[in-house]
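Thanks, everyone, for making the time. I would like to walk through one structure with you, and I will give the cut-offs as the terms come up.

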Amino acid sequence: MPDCIFCKIAAGEIPSNKAYEDDDVLAFHDVNPQAPVHLLIIPKAHVAAGAAEITSENSALVGHCFEVAAKLAKELHLEGFRIVTNNGAAAGQTVPHLHFHLLAGRDLTLHLG
Ligand code: AMP
C-alpha cells in the first residue's frame, strides 16, 4: 500500500529495530515505547487497516501474529504481558495497517468494571 509506513518498514524501505521476522510477519520495537518492552507485530502484507477488517481470508495471519507474540514472550522471559490492537482514530489508532502491540515490563494491571 503506497504511503503506508508499516508497509515500508516491512519492505525494509524504512529502518526498524527488528525482534522477529519470517516470510509473513515482522516484529519490531515501537519508536515511542509505552512500556519497557513495547513491540509491534505486523503482517507484512497490508491485509487489513485494523481489527475491524479481520475476515476468514486474513485471520490465519492474525493467528500467526499471536504465535509470534507467544514466542517472543517466551524468549524474553516476560512474566506478564498485554497484547493490544487499536481500531480507528477514536481508539487512538495512528497507523492504518493491522498491528498488535506487545507490552510488558511494568505494572499493566487493568481494573475493568
Ligand atoms: P497505533 O497508534 O495503535 O496505530 O500504533 C502505531 C504505533 O506505531 C505507535 O505506537 C507509534 O509509536 C509506532 N510507530 C510509528 N512509526 C514508527 C516507526 N517508524 N518505527 C517504530 N514504531 C513506529
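**Gln 93, the pocket and the ligand**

Let me begin with a polar contact, by which I mean a pair of N or O atoms within 3.5 Å, where within protein one must be able to donate a hydrogen and the other to accept it, and where residues adjacent in sequence count only if both atoms are side-chain atoms: the backbone oxygen of Val 95 lies 3.0 Å from a polar atom of the side chain of Gln 93. The side chain of Gln 93 also has a polar atom 2.8 Å from the backbone oxygen of Ala 49. Gln 93 is found in the loop between E4 and E5, and with a relative accessible area of 15% it is buried, where buried means under 20%, exposed over 50% and partly exposed in between, with a 1.4 Å probe and protein chains only. Helices (H or I, at least four residues) and strands (E, at least two) are DSSP runs, numbered from the N terminus.

Before going further, I should say that this is a predicted model, in which local features need pLDDT of at least 70 and side-chain atom pairs count only at pLDDT 80 or more, while totals for chains, interfaces and linings use all residues. Residues are numbered from 1 along each chain as its sequence is written, and side-chain values use heavy atoms, with hydrogens and water left out.

Now, which residues are closest to the ligand? Of the 16 residues that surround the ligand, with a heavy atom within 4 Å of it, the closest are Asp 30, Asn 86, Thr 94, Val 95 and His 101. Val 95, which we have just met, has a polar backbone atom 2.9 Å from an oxygen atom of the ligand. On the side-chain side, an N or O atom of His 101 is 2.9 Å from an oxygen atom of the ligand, and a polar atom of His 99 lies 3.0 Å from one.

Turning to the largest pocket, its volume is about 350 Å³. A pocket here, on a 1 Å grid over the protein atoms alone, is an open set of points where a 1.4 Å probe fits, with protein on both sides within 12 Å along at least five of seven lines, and lining residues have an atom within 4 Å of a point. Grid points are joined across faces, edges and corners, and the volume is the space filled by probe spheres set on the points. There are 22 lining residues, of which Phe 6, Asp 30, Val 31, Asn 32 and Leu 40 lie nearest the centre. Helix H1 (5-10), strand E2 (25-29) and strand E3 (37-43) each supply at least two residues of that lining, and the largest share, three residues, comes from H1.

E3 deserves a closer look, since seven of its seven residues are buried. Val 37, Leu 39, Ile 41 and Pro 43 point one way from E3, and His 38, Leu 40 and Ile 42 point the other way. Two strands pair if DSSP finds at least two bridges between them; E2 and E3 run antiparallel and are joined by five bridges, with Val 25 opposite Pro 43. Five bridges also join E3 to strand E5 (residues 100-104), again antiparallel, and Val 37 has Ala 104 as its bridge partner there.
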